[in-house]
Amino acid sequence: EMLLKGAVNMFELLFAERVDYSSSYWQQLKDHKQLFMSEKVILQYIGFVKTHKKLIEGGKHSGTPRERKLFYQVFHKLLSLESFVKGGPPVVQCENEDREFILRVRNGPLEGELSKEKLHEEAEQRLQKVREHFLSREKRFKEFGDYRFLQTWLLHIRGIVLKEPLKMATPPLTSEDIDI
């Protein structure tokens, strides 16, 4: 259900490469992760960034480690949104300059080139650029993740064998259709 709602944390788990444990069932979902990329996911990422920016602007966490963590999370999710613009996956693990930057935001003092004002301004500019791209694009993702696939997968892992296709408004899938 959280995947269909575009939950940022669940969506990123599908793309995580370094995990301590993964079951064969989870691997089946990971093998079909692109089925969950949707407009809903994009809206959830944008909402995540906006919510965290509001928490920063509210000042409740000003000068605390929580404030740095909020900025870190904003920029981390902006990297994913910028990747979506290019047709890429979410950025689960940052690399190179991106990693250095967000770790400086997360661990260093918010001053100088990393002042709260400059970070806020940069985040706003990057978010606006992403919004403009998504509003002006010609091709959209599907609105929601693939409900049929997820429902069939859930039935399969619960040991329920489908003798006939699921009855839904969209074309039906059977266990054979999703290679489980």
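I take contact to mean heavy atoms within 4.5 Å, and with that in hand I looked up Ser80, which, leaving aside its neighbours within four places in sequence, is in contact with Glu12, Tyr45, Pro90 and Val91. I note at the outset that this is a predicted model.

**Entry 1: the whole chain**

I began with the secondary structure, which comes to seven helices and zero strands, so that I read the elements from the N terminus on as α-α-α-α-α-α-α. The C-alpha atoms fill a box of roughly 65 × 40 × 30 Å along the principal axes. Of the 180 residues, 39% count as buried, and the chain exposes about 11,100 Å², of which carbon and sulfur atoms supply 52%. I also looked up the contacts with a separation of 6 or more, and found that residues 24 or more positions apart account for 66% of them. For the charges, I noted 30 positive and 27 negative ones, whose mean positions are 5 Å apart.

**Entry 2: the nonpolar core**

Which residues have the most contacts inside the largest nonpolar core? I found Phe36, Leu81 and Phe84, in a core of 37 residues. I then listed the helices that each supply at least two residues of this core, and they are α1 (8-15), α3 (39-58), α4 (65-85), α5 (96-107), α6 (116-136) and α7 (147-157). The largest share, eight residues, comes from α4. I followed Phe84 further and, leaving aside its neighbours within four places in sequence, I found it in contact with nine residues' worth of partners listed as Phe11, Met37, Val41, Ile42, Tyr45, Pro89, Pro90, Phe134 and Phe141.

**Entry 3: Ser80**

I returned to Ser80, which lies in helix α4, and asked whether it is buried or exposed. Ser80 has a relative accessible area of 0%, and it counts as buried because the cut-off is under 20%. The side chain of Ser80 reaches the backbone nitrogen of Val91 at 2.8 Å, and Val91 is also among the contacts of Ser80 that I listed at the start.

**Entry 4: helix α7**

I looked next at both ends of α7 and at what lies over it. At its start, a side-chain oxygen of Asp146 reaches to within 3.1 Å of the backbone nitrogen of Arg148, while the helix is followed by Gly159, whose phi is positive, near 80°. The buried residues of α7 are Arg148, Phe149, Leu150, Thr152, Trp153 and Leu155, and what covers them includes α2 (24-31).

Methods. Residues numbered from 1 in each chain as written. Predicted model: local features only at pLDDT ≥ 70, side-chain atom pairs only at ≥ 80, totals over all residues. Heavy atoms only, no water. Helix = DSSP H or I, 4+ residues; strand = E, 2+ residues; numbered from the N terminus. Buried < 20%, exposed > 50% of the residue type's maximum accessible area, 1.4 Å probe, protein only. Areas by Shrake-Rupley, 256 points an atom, 1.4 Å probe, with all protein chains shown as cover. Lys, Arg positive; Asp, Glu negative; His and termini not counted. Charge placed at Lys NZ, Arg CZ, Asp CG, Glu CD. Core = buried A, V, L, I, M, F, W, Y, C linked by side-chain atoms within 4.5 Å. Polar contact = N/O pair within 3.5 Å; in protein donor to acceptor, adjacent residues only side chain to side chain.
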